Structure formats: structure tokens, C-alpha cells
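Subject: Structure for your files, with notes

Dear colleague,

I am handing over the structure we spoke about, and my notes follow directly after it. Please read them with the structure open beside you.

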Amino acid sequence: SPCGYRLSHALRTLRPKHVILFEPQVAWVRTLEVHSARCKAEVLDDTQRIGEQKAVDANLKTVYNDSGFTVYFMVLADSLEEQRYLTCLRREREAFGALIKLSSRIVVPKDFILPIDEDVLSDQLGSTNSLVIEKRIPRVIVDMREFRSELPALLYRKGIKVEPLTLLVADYILAPHLCVERKSVSDLIGSLNSGRLYQQCTAMSRYYANPILLIEFSMSSRGF
């Protein structure tokens with residue numbers, strides 16, 4: 001019995017042909033699927049290395065059968081355990097569907113790359129590491145209406161790539177988890193009186209893990 005071992009480690013060590021699950025768990029099933037796919041890939045790689053690609057193409061089904069295994073579920077039909085397992089499968093399917101739907105509406109481009117802090121990375125890797133860090137220009141997504149202020153031009157002069165876009169939430173997006181809402185003092189007072197600030201902060205908190213409220217004012221202004 002592989003008691004005390006992680007399931008993935010036990011599968012790679014024992015290489016079973018039959019697996020019996022007395023309590024169906026979605027995580028265990030996914031681990032078995034990953035192990036099965038890994039075994040098939042290893043068989044194909046080994047066959048290709050010895051120059052038998054034609055044999056693989058001709059006997060692909062046989063190769064897959066030899067590298068697979070059979071899984072048995074020891075669970076009663078229409079039992080509580082079966083319903084719990086089916087519920088987990090449904091929730092998993094709904095979660096993936098929601099993730100796919102969200103990714104189609106995401107504001108931040110999928111190829112968005114955070115700037116690399118070379119000093120922090122060199123401290124973590126050590127001075128003897130010869131890793132070459134590719135320098136990338138940091139980017140900030142700016143709402144089109146923000147170009148009436150001076151901040152986008154200031155960011156551009158600092159060497160930051162400014163990408164204009166019409167944003168529904170926040171004024172600046174620095175990272176997939178980080179957004180900024182800029183407010184002047186007069187705009188802040190008006191938003192507080194109208195209740196719009198609460199709605200904006202709620203929206204930022206809903207879509208971003210780290211929302212920031214930037215209050216812009218002059219140090220020479222009266223009262224500051």
C-alpha cells in the first residue's frame with residue numbers, strides 16, 4: 001500500500017495497471033489523468049529516440065493502451081458519495097466556464113509583462129549566477145480621459161510606455177492585480193458628496209486584488 005506517499009509519487013513509483021478508488025475525489029482523478037498523459041508522452045519520446053517513428057504512427061493505439069491503466073470506482077449508485085462527486089465535477093466545469101468567459105473580457109492584455117526589478121532578482125539569485133535578464137520597458141494602461149491631466153505625460157517622460165485605452169474601472173492599470181483611481185481634491189469632494197467614490201472603490205475591489213486611490217494635490221494648496 002502506498003500509504004504515506006503522495007498519489008503522484010506512488011503512481012510513478014509503482015506504475016500500476018489497475019487503480020481502485022474507494023472514495024472518488026476530483027483531485028485524485030485529475031492526478032490519474034496527468035499520470036496517464038505523462039506515461040503516454042514518455043513512451044512516445046522513448047520510441048522516437050530509437051528511431052521508430054513509423055512504428056509509433058502505425059501502432060499508436062497499441063502504444064497508448066500499453067502505457068495506460070484502468071481505474072475502478074467503488075461507490076454505490078445514487079449514493080451520497082456519488083452525488084458529492086458529481087457536484088464537484090459540475091462546480092469544476094462551471095469554474096472553468098466562468099474563467100474562460102472572464103478571460104474574454106479581461107482589460108489587461110494577455111501578454112502584459114511586469115517590469116523586472118534587477119536588484120531584487122540578483123539578490124535572490126546571488127552574484128555568481130550568470131543569468132542574463134532581458135530588459136523590458138514597463139507599461140501602464142491609461143484611461144483615455146486621463147490624458148487631460150499631466151500624469152500620463154509625466155509617466156512617458158520617465159521612460160514608461162503609456163498605452164491609451166477606454167477603461168470602465170479605474171484610471172490606470174499597473175498590473176493584472178493592481179489598479180489606480182486618480183482624484184484631484186475638487187473631484188474627490190464631488191465624488192464623496194455624490195456617492196460615486198464608493199461605487200468606484202467597490203468596482204475596483206471587485207476586479208483587482210490591490211486597488212489604489214491616488215489623491216492629487218499641490219503642496220502649496222491651502223489646507224495642506
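How many bridges join strand 3 (residues 139-143) to strand 5 (residues 172-175), and do the two run parallel or antiparallel? Two bridges join them, and the strands run antiparallel; within strand 5 it is Tyr172 that stands opposite Val142. Before going further I should say that this is a predicted model, and what follows should be read with that in mind.

The chain as a whole

The protein chain contains nine helices and seven strands. Of its 224 residues, 24% count as buried, and the chain exposes about 16,600 Å², of which carbon and sulfur atoms supply 57%. Taking the contacts in the chain with a separation of 6 or more, 58% are made by residues that lie 24 or more positions apart.

As for confidence, the mean pLDDT of the protein chain is 75, and 69% of the residues reach 70 or more. Two stretches deserve caution. Over residues 55-66 the pLDDT stays under 50, and the model has eight contacts for this stretch beyond four places in sequence. Over residues 124-134 the pLDDT is likewise below 50, and here the model shows six contacts beyond near neighbours in sequence.

The sheet

The pairing of strand 3 with strand 5 belongs to an open sheet of five strands, which follow one another in the order 4-3-5-6-7 with mixed pairing. Its edges are formed by strand 4 (161-165) and strand 7 (210-216), each of which pairs on one side only. On average, and with direction ignored, neighbouring strands of this sheet are turned by 25° against each other.

Moving across the sheet from strand 5, one comes to strand 6, which pairs with strand 5 in the antiparallel sense over three bridges. A hairpin joins these two strands through two residues, and Ala175 stands opposite Leu178 in strand 6. On to strand 7 the sense changes: strand 6 (residues 178-184) and strand 7 run parallel and are joined by seven bridges, and Lys183 has Ile215 in strand 7 as its bridge partner.

Two helices lie across this parallel pair. Helix 8 (residues 185-194) lies across strand 6 and strand 7 and runs at about 100° to strand 6, whereas helix 9 (residues 196-207), which also lies across strand 6 and strand 7, runs at about 165° to strand 6.

One aromatic pair

The count of aromatic pairs comes to one. The rings are those of Phe73 and Tyr85, and because their centres are 5.8 Å apart and their planes stand at 45°, the pair is classed as tilted. The pair links distant parts of the chain, with Phe73 in strand 2 (residues 70-73) and Tyr85 in helix 5 (residues 80-104), 12 residues apart. Are the two partners buried or exposed? Phe73, at 36% relative accessibility, counts as partly exposed, while Tyr85, at 15%, counts as buried.

Two residues with positive phi

Most residues other than glycine have a negative phi, so two places may merit a look in your own viewer. Arg15, which is not a glycine, has a positive phi of about 50°. Arg15 is found in the loop between helix 1 (7-14) and strand 1 (18-21), and with a relative accessible area of 41% it is partly exposed. What is Arg15 in contact with, once its neighbours within four places in sequence are left aside? Its contacts are then Ala10, Cys39 and Glu42; of these, Cys39 is 24 residues from Arg15 along the chain, and the C-alpha atoms of the two are separated by 9.2 Å.

The other place is Asp78, also a residue other than glycine, whose phi is positive and near 60°. Asp78 lies in the loop between strand 2 and helix 5, the two elements that carry Phe73 and Tyr85. With a relative accessible area of 67%, Asp78 is exposed.

With best regards

Technical notes:
Residues numbered from 1 in each chain as written. Predicted model: local features only at pLDDT ≥ 70, side-chain atom pairs only at ≥ 80, totals over all residues. Heavy atoms only, no water. Pairing = 2+ DSSP bridges. Helix = DSSP H or I, 4+ residues; strand = E, 2+ residues; numbered from the N terminus. Axes fitted to C-alpha atoms, helices over the stretch in contact; angles between N-to-C directions. Contact = heavy atoms within 4.5 Å. Phe/Tyr/Trp six-rings, centres within 6.5 Å; stacked < 30°, edge-to-face > 60°. Buried < 20%, exposed > 50% of the residue type's maximum accessible area, 1.4 Å probe, protein only. pLDDT = per-residue confidence, 0-100. Areas by Shrake-Rupley, 256 points an atom, 1.4 Å probe, with all protein chains shown as cover.
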